[in-house]
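User: I am new to this entry and would like to know how its labels are assigned. Please show me the structure and then take my questions in turn.

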Amino acid sequence: MQVDIITLFPSMFDGIFTESILKRAIEKGILKVNIINLRDYSLNKNKNVDDYAFGPGAGMVMQIEPIDNCLSKIQDLTNPFDEVIYTAPDGEKFNQKMANDLSLKNHICILCGHYKGVDERVREHFITKEISIGDYVLSGGELAASVIVDSIARLIPGVLHDEQSALSDSFQDNLIAPPVYTRPADYKGWKVPEILLSGNDKKIEQWNIEQSIERTKQRRPELLK
Ligand code: 6GU
């Protein structure tokens with residue numbers, strides 16, 4: 001899968017793709033990420049990409065021209081975008097189902113919003129999906145884009161080892177994951193549940209399911225509806 005991220009702050013992605021699972025996905029050639037600096041596609045001499053919003057109320061708006069120029073230059077007719085995503089607090093709320101759907105795409109583009117956002121005509125004419133990662137406001141779309149790419153990448157076959165199976169993640173079946181423990185079995189008298197030490201895999205699996213359901217009831221009851 002190829003992900004092209006268009007941003008005004010490319011260095012915000014430093015580190016995200018050079019550690020852990022995303023790093024391995026890239027090394028294995030399963031994921032390719034291009035960070036694209038929108039400013040490089042400005043068509044005016046000052047390299048501006050934003051201007052004051054029309055109407056009263058201060059605030060800058062990302063202009064359509066550099067975005068149009070950028071999208072037309074980076075598009076690859078042999079590998080077209082399956083989705084052009086815009087990150088914004090008023091987008092569709094991101095969830096595991098959207099991550100699953102996006103993980104099946106070949107090529108996605110993510111435009112990171114900033115300031116008061118993009119000129120509405122960008123959304124009307126270029127964007128195919130608008131995503132928010134939750135009901136709170138971030139300074140820009142870069143952190144949201146990182147969250148989206150991380151959650152998608154781990155679902156692409158071959159990215160995770162078997163023992164980290166994405167299928168057992170919280171939310172994958174609308175249940176949150178059961179508690180996990182490791183050695184020591186007794187720490188300062190705080191004991192690991194007996195059943196997990198029993199060696200009876202069938203019983204442990206059953207216990208895990210019960211724990212998942214119980215936790216979901218207590219913490220996220222709306223998931224069970
Ligand atoms: Cl995608 N962008 C911004 N700026 N804030 C957010 C968001 C996105 N998702 C939640 N808050």
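Analyst: A nitrogen atom of the ligand lies 2.9 Å from a polar backbone atom of Ile133. The model is predicted, with local features needing pLDDT of at least 70 and side-chain atom pairs pLDDT 80 or more, while totals for chains, interfaces and linings use all residues. Residues are numbered from 1 along each chain as its sequence is written, and side-chain values use heavy atoms, leaving out hydrogens and water.

User: What makes the pair at Ile133 a polar contact?

Analyst: A polar contact is a pair of N or O atoms within 3.5 Å; within protein, one must be able to donate a hydrogen and the other to accept it, and residues adjacent in sequence count only if both atoms are side-chain atoms. The ligand nitrogen is 2.9 Å from the polar backbone atom of Ile133, so the pair meets the cut-off. A ligand nitrogen is also 2.5 Å from a polar backbone atom of Tyr136, and one is 3.0 Å from a polar backbone atom of Leu138.

User: How much of the ligand does the protein bury?

Analyst: Taken alone, the ligand exposes 290 Å², and the protein buries 96% of that. Such areas come from the Shrake-Rupley method with a 1.4 Å probe; for residues, only the protein chains shown count as cover.

User: Which residues are around the ligand, and what are their classes?

Analyst: Among them are Thr87, Pro89, Ser132 and Gly140; a residue belongs there if one of its heavy atoms lies within 4 Å of the ligand. By class, this shell has 8 nonpolar, 4 polar and no charged residues. Ala, Val, Leu, Ile, Met, Phe, Trp, Tyr, Cys and Pro count as nonpolar, Asp, Glu, Lys and Arg as charged, and the others as polar, so Gly140 is polar.

User: Why is Ser198 called partly exposed?

Analyst: Buried means under 20% relative accessible area, exposed over 50%, and partly exposed in between (1.4 Å probe, protein chains only). Ser198 has 42% relative accessibility, so it counts as partly exposed. Its side chain reaches the backbone nitrogen of Asn200 at 3.1 Å.

User: Why are Ser20 and Lys188 called exposed?

Analyst: Ser20 has a relative accessible area of 53%, so it is exposed. Lys188 has 64%, so it is exposed too. Phi of Ser20 is near 55 degrees, a positive value in a residue other than glycine, and phi of Lys188 is likewise near 55 degrees.
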